[in-house]
Amino acid sequence: MIQTSDILGVALAAGVLFIIGADQVYAQAAANCSPRPAVSAERQTLKCEPGLSITVERGAHYRLADRNHDGRVDAIVLNNKAVLIDVDSNHVQGGFEVVTPQAIAAVRGTRWAVDAQRGKTSVLVLRGRVAVNKVSTGEGVTLGQGQGVDADRSRSPLHVTAWGQPRINALIARLGQ
């Protein structure tokens with residue numbers, strides 16, 4: 001099982017600058033994200049600030065992070081399951097990242113889903129553009145609307161593909177969309 005310290009080590013090795021694990025930083029970041037009233041037992045939506053919402057699949061193991069110590073959530077470290085991130089760049093400065101054991105997905109403003117399961121991270125862009133970097137190699141790709149990529153720990157290259165509607169529907173249904 002992946003431990004938070006393993007993810008931190010991998011993320012730091014990849015050059016990602018953020019802090020997790022420190023109770024004060026985590027509590028400060030989490031204070032800016034409040035859960036919306038639950039409409040489903042299958043997921044929870046966090047409203048973090050104007051322009052940022054995070055929908056988390058039930059059972060997901062994750063931690064919110066404040067990389068620049070300004071008291072605002074600007075990253076989520078996701079160990080398993082799926083999240084849907086909606087970032088409005090008109091309100092959220094500095095972008096947002098999702099860090100998994102296999103990949104780092106970062107944007108300035110967009111809507112995308114990340115699914116970390118069975119040693120693989122899948123990223124799907126619903127709106128905008130997302131940069132995805134593979135942790136094991138540092139290789140990066142940029143995804144546009146409707147495109148996705150699967151990253152694992154191997155040294156094989158990332159392949160951007162247009163996801164078929166059944167795969168898109170299956171992932172976003174898990175997130176209530």
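Trp 112 has a relative accessibility of 0% in this predicted model, so Trp 112 counts as buried, a label given to residues under 20%. Where does Trp 112 sit, and what is its aromatic partner? A search of the whole structure finds one aromatic pair. That pair is made by Phe 96 and Trp 112, whose rings meet edge-to-face, with 6.4 Å from centre to centre and 65 degrees between the planes. Trp 112 belongs to strand β8 and Phe 96 to strand β6 (residues 96–99), so you can follow the chain for 16 residues from one to the other, and the pair links distant parts of it. Phe 96, at 1% relative accessibility, is buried because that value is under the 20% limit.

Strand β8 also leads us to a helix. The buried residues of α3 pack against β8 (110–117), as well as against β5 (75–87) and β9 (120–127). Which residues of α3 are these? Helix α3 spans residues 165–174, and its buried residues are Ile 168, Leu 171 and Ile 172. Around the helix axis they cover an arc of only 90 degrees, which is why they lie on the same side of α3. Just after the helix ends, look for Gly 176, which has a positive phi of about 75 degrees. While you are in this part of the chain, find Arg 167 too: Arg 167 lies over the face of Trp 163, at 3.8 Å from the ring centre.

Now let us turn to the cysteines. How many disulfides are there? The count comes to one, and the bond joins Cys 33 to Cys 48, with 2.0 Å between their sulfur atoms. This link also ties together distant parts of the chain: Cys 33 is in the loop between α2 (23–31) and β1 (34–35), while Cys 48, 15 residues away, is in strand β2 (residues 43–49). The torsion about the S-S bond is about 105 degrees, and therefore the disulfide is right-handed. Both Cys 33 and Cys 48 are buried.

Our last stop is Thr 55, in strand β3 (residues 52–57). Is Thr 55 buried or exposed? Its relative accessibility is 5%, so Thr 55 counts as buried. The side chain of Thr 55 makes a polar contact of 3.2 Å with that of Thr 45. Setting aside neighbours within four places in sequence, Thr 55 touches several other residues as well, including Arg 43, Gln 44, Ala 82, Val 83, Leu 84 and Leu 175.

Key:
Residues numbered from 1 in each chain as written. Predicted model: local features only at pLDDT ≥ 70, side-chain atom pairs only at ≥ 80, totals over all residues. Heavy atoms only, no water. Buried < 20%, exposed > 50% of the residue type's maximum accessible area, 1.4 Å probe, protein only. Helix = DSSP H or I, 4+ residues; strand = E, 2+ residues; numbered from the N terminus. Arc of directions from axis to C-beta. Contact = heavy atoms within 4.5 Å. Disulfide = S-S within 2.5 Å. Phe/Tyr/Trp six-rings, centres within 6.5 Å; stacked < 30°, edge-to-face > 60°. Lys NZ or Arg CZ within 6 Å of the ring centre and 35° of its normal. Polar contact = N/O pair within 3.5 Å; in protein donor to acceptor, adjacent residues only side chain to side chain.
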